[in-house]
Amino acid sequence: MSEKSTRRKVALVTGANKGIGRGVAEQLAALGMTVVIGARDPERGEEAAAAVRASGGDAHAVTLDVTDQATVQEAAKQVEKRFGRLDVLVNNAGITGSGRVSPEDAHDQVPSSVDLDMVRAVFETNVLGVIGVTNAMLPLLRRSPAPRVVNVSSHAASLTLTSDPDGPFTALLPSAAYSPSKTALTALTVQYANELRRDGILVNAVAPGFVGTDSNNHTGVLTVSQGAAVVVRLATLGTDGPTGGFFGEGGPVPW
Ligand code: NAP
């Protein structure tokens, strides 16, 4: 059977060379999907794909920097050529903007003194990057019988949670770039879901929880596997699944 006529579902995960994205790629491969590992560094992408294959999964690396539309278009071409369609897109690639999340970095994202270039870089990756990748992959997703798009957001995106003066989020570091970028991402998720609902394309946002990865200097309390699980659940929704929602491990997350 040629790869183009594969009956395996084909999933693309951005930023899949490490962290939650890699966990998602491993879990989707374990479910029998062909996984395309998007990574901006080709070597690290190949290394991750090789590791998934070594565990018995079907994985292929593709060079994809979400802020570089030329690589995004080229990645779409490669998926088209090799598989002819895409069933699942996980927009996982993201940056915090801070060197690392720690008390020493607390000044980084204080709104009144935040560095505009940092804010731009965070929105470029976490928001505009998702639009660029989604739009490049939509023609391939439309060829799937049951396309799913999952945008990896965060509890920090929730205006309900972050505006509660008595809630746990008031104790978190100020976040003039990361948190608003993820709020924009959940808003964008609703807009895509509304546009694509009639085409049967389910688009949801996910908050994976506080997961120990490089992005937080491994201070997160959940494992990558735990954080990836909720993403995988939304990536494998049945036809009667929700669209335009925002979900965490325990169910819907307030907007
Ligand atoms: P991570 O370990 O730092 O992984 C981030 C991934 O995104 C890496 O593969 C990174 O590639 C990639 N990436 C960054 N910028 C990119 C770009 N321009 N193009 C392509 N790939 C890019 O962080 P993580 O914690 O797994 O985060 C994954 C997602 O989960 C992010 O969207 C993050 O905001 C979200 N999230 C994480 C947590 C948490 O507690 N960890 C909580 C809520 C939401 P490089 O290796 O090349 O840098």
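These legends walk through a predicted model, from the whole chain down to a few residues.

**Before you look.** This is a predicted model, so local features need pLDDT of at least 70, side-chain atom pairs count only at pLDDT 80 or more, and totals for chains, interfaces and linings use all residues. Residues are numbered from 1 along each chain as its sequence is written, and side-chain values use heavy atoms, with hydrogens and water left out.

**View 1. The whole chain has seven helices and eight strands.** Helices (H or I, at least four residues) and strands (E, at least two) are DSSP runs, numbered from the N terminus. With a radius of gyration of 17 Å, close to the 18 Å that the globule rule gives for 255 residues, the chain is as compact as a globular protein of that length. That radius is taken over C-alpha atoms, and the rule is 2.2 Å times the number of residues to the power 0.38. Along the principal axes, the C-alpha atoms fill a box of roughly 55 × 40 × 30 Å. Of the 255 residues, 51% count as buried, meaning under 20% relative accessible area; exposed is over 50%, and partly exposed is in between (1.4 Å probe, protein chains only).

**View 2. Here is how confident the predictor is, from helix H5 to strand S4.** The score is pLDDT, the predictor's confidence in each residue, from 0 to 100. Its mean over the chain is 93, and 93% of the residues reach 70 or more. Confidence is lowest in helix H5 (residues 159-162), at a mean of 94, and highest in strand S4 (residues 88-91), at 99.

**View 3. Met 118 sits in helix H4 (residues 116-141).** Met 118 is buried, with a relative accessible area of 13%. Leaving aside neighbours within four places in sequence, Met 118 is in contact with Gly 97, Asp 108, Gln 109 and Ala 177; contact means heavy atoms within 4.5 Å. Val 66 is 52 residues from Met 118 in sequence, and their C-alpha atoms are 16 Å apart in space.

**View 4. Asn 217 and His 218 belong to the loop between S6 and H7.** In full, Asn 217 is in the loop that runs between strand S6 (202-206) and helix H7 (224-235). Most residues other than glycine have a negative phi. Asn 217, though, has a positive phi, near 55 degrees, and His 218, also not a glycine, has a positive one of about 60 degrees. As for its surroundings, Asn 217 is partly exposed, with a relative accessible area of 40%.
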